[in-house]
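Visitor: I'd like a close look at one buried spot in this protein and the strands around it. Could you walk me through that part slowly, and then show me how it sits in the whole chain?

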Amino acid sequence: MDLELRHLKIVRAVADAGSLTRAATALGLAQPALSTQLKRIERALGGLLFVRGREGVRPTALGELVLERARVLLPAVCELQEEAQRFARQGAQGYRLGGTHGPLLGGLVDRLAREEPGVPVTTYTSWSEREVAGSVADGRLDFALVGVCGESAPPEPGRLAWMEVARDPVHVMLAEDHPLALALARAPRESVELAELAAEAWTDVPGDGCFGDCFAAACVRAGFAPACVYETDTASCVHLVQVGRAVGLCRATFPATPGVVTRPLAGTPLVWRHVLGWHPAARAAARAAAVLGHARAAHAEALARAGGGSGLRATPVRAAAPSPAA
C-alpha cells in the first residue's frame with residue numbers, strides 16, 4: 001500500500017485525540033474501521049506507530065518520526081492547494097473588487113472602466129469588512145476596499161497587505177429643519193460639538209469593527225450616553241434623518257442629499273480610514289499600486305461631489321507584513 005495524505009491525517013488525528021475512540025469520532029469513522037486503517041498504515045510503514053494502553057494511545061519512536069513529518073507536510077499541502085485554487089480563480093486579467101457601503105467602490109469601478117475599457121470588473125459588497133478581507137485572502141477577490149475606525153488594524157493583517165487610501169473626519173447628518181441646522185444657517189460655522197446632540201437618537205450603518213464602541217466612548221467624553229442608536233442600511237439612515245427621527249453619522253464623502261445638512265464634529269473625535277487590501281502572493285498584487293492610485297482619485301472625486309473636504313491628508317501607511325496564508 002502506498003502512503004497517502006489521508007493516512008497522515010489519520011495518524012495525526014489519533015495522536016491529537018489520544019485514543020482511537022475520540023479519533024474515530026473526530027474523523028467520522030467507526031472505531032473498527034479506524035483500527036483497520038491504522039493497521040494497514042503501520043504495515044506500510046514497517047512498524048507500530050502507537051502503543052495502546054488503558055489510558056489511550058501514545059506514539060512509539062516510529063510514530064513520533066511520522067508525526068514530525070506529517071505536521072510539516074500537511075500544512076504545506078494545504079497551502080499549496082489554497083494557492084492553486086487562488087491562481088485558478090483569478091482567471092482573466094480583470095478586477096474582482098470587494099467593498100463595504102459607501103461611494104468609493106463605485107468610483108473605483110468607474111475609473112477602472114474608463115482607464116481600461118474592455119477589461120472585466122466585478123464587485124462584491126458586504127456589511128462585514130472581515131468577510132470581504134477573508135474573500136481576498138482565500139483568492140475569491142483581488143482587492144478589498146473597506147474602512148476601519150481610527151488607527152485600528154484592518155482585518156486579516158497577517159495574510160493581506162494594506163495601504164491607506166484616505167482618512168476622513170466623521171460628520172453628523174441633520175435634517176435641514178433640525179433646530180441645530182437652522183442655527184447653522186443663521187450663524188454658519190464649520191463644525192458642531194458632539195455635546196450639542198446629547199439628547200438625540202442616532203442612526204448609522206452596521207459593521208463588524210470597533211466604530212460603535214469608539215462612538216460610545218466619544219459620547220462619554222462629551223458628557224452623555226447615546227439614548228438610542230438605529231443600525232440600518234444607508235437609505236433608511238437617510239430617511240430617519242430627513243424625517244427628524246434621528247441624527248446620523250456619515251463620512252466626508254457622503255454625497256449632497258436633499259433635506260440633509262452635514263457638518264464635521266468639532267475636534268475630530270472620530271476618524272474613518274479608507275484602506276485597500278490585497279494578497280501579496282496573488283497575481284493581482286502587481287497591479288496594487290495602480291489600483292491604489294485610482295482609489296485615491298475616486299476619494300478626491302467623492303469629496304468634490306460632497307461639496308467639501310476632510311481637512312486631513314490622505315497619507316500612505318506601511319503595508320502589513322504578510323505571512324504565508326494559513
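Guide: Let's start with Phe211, which has a relative accessibility of 13%, so it counts as buried; the cut-off here is under 20%. Keep in mind as you look that this is a predicted model. Phe211 lies in helix α8, which covers residues 211-221.

Who are its neighbours? Leaving out residues up to four places away in sequence, Phe211 touches Cys149, Val170, Asp204, Leu249, Leu270 and Trp272. Try finding each of those on the structure, because a contact just means heavy atoms within 4.5 Å. Several of these names lead us straight into strands, and that's where we're going next.

Take Leu249 from that list of contacts. Leu249 belongs to strand β10, where Val247 and Leu249 point one way while Gly248 and Cys250 point the other way. All four of these β10 residues are buried. Strand β10 itself runs over residues 247-250.

Now Asp204, another residue that Phe211 touches. Strand β8 spans residues 202-204, and it pairs with β10 in the parallel sense over two bridges. If you want one bridge to pick out by eye, go to Trp202, whose partner in β10 is Val247.

Strand β10 has another partner to show you, and this time the direction flips. Strands β7 and β10 run antiparallel, joined by three bridges. Two pairs make good landmarks: His171 stands opposite Cys250, and Met173 stands opposite Gly248.

Stay on β7 for a moment, since there's plenty to see. This strand takes in residues 171-175, and five of its five residues are buried. Which residues sit on which face of β7? On one side you have His171, Met173 and Ala175, and on the other Val172 and Leu174, so both faces are covered, given that a residue is called buried when its relative accessible area is under 20%.

Strand β7 also pairs with β11, again antiparallel, and here there are five bridges. Within that pairing, Leu174 has Val261 in β11 as its bridge partner. Strand β11 covers residues 260-264. So here's the picture to hold on to, and you can trace it with a finger: β8 is parallel to β10, β10 is antiparallel to β7, and β7 is antiparallel to β11.

Go on past β11 and you come to a loop that leads to β12, residues 271-278. Thr268 is found in that loop. Its phi is near 50 degrees, a positive value in a residue other than glycine. Is Thr268 buried, exposed or partly exposed? At 33% relative accessibility, Thr268 counts as partly exposed.

There's another residue of this kind to visit. Glu156 isn't a glycine, yet it has a positive phi of about 50 degrees. You'll find Glu156 in the loop between β5, residues 143-149, and β6, residues 161-169. With a relative accessible area of 25%, Glu156 is partly exposed.

For a contrast with our buried starting point, hop over to Gly118. That glycine is in the loop between α5 (104-115) and β4 (121-125). At 80% relative accessibility, Gly118 counts as exposed. Gly118 and Ala235 are 117 residues apart in sequence, and their C-alpha atoms are 32 Å apart in space.

Now let's zoom out. Phe211 and Leu62 are 149 residues apart in sequence and 53 Å apart in space, going from C-alpha to C-alpha. Along its principal axes, the C-alpha trace of the chain spans about 90 × 50 × 30 Å. A compact globule of 326 residues would have a radius of gyration near 20 Å, but this chain has 27 Å.

Another small piece worth finding is the pair β1 (residues 50-53) and β2 (residues 56-59), which are antiparallel over four bridges. A hairpin of two residues joins β1 to β2, and Gly53 stands opposite Gly56.

Altogether the chain has 10 helices and 12 strands, and 44% of its 326 residues count as buried. Among contacts between residues at least 6 apart in sequence, 73% join residues at least 24 apart. You've already met an example: Phe211 in α8 touches Cys149 and Leu270, among others.

Conventions. Residues numbered from 1 in each chain as written. Predicted model: local features only at pLDDT ≥ 70, side-chain atom pairs only at ≥ 80, totals over all residues. Heavy atoms only, no water. Rg over C-alpha atoms; globule rule 2.2 N^0.38 Å. Buried < 20%, exposed > 50% of the residue type's maximum accessible area, 1.4 Å probe, protein only. Pairing = 2+ DSSP bridges.
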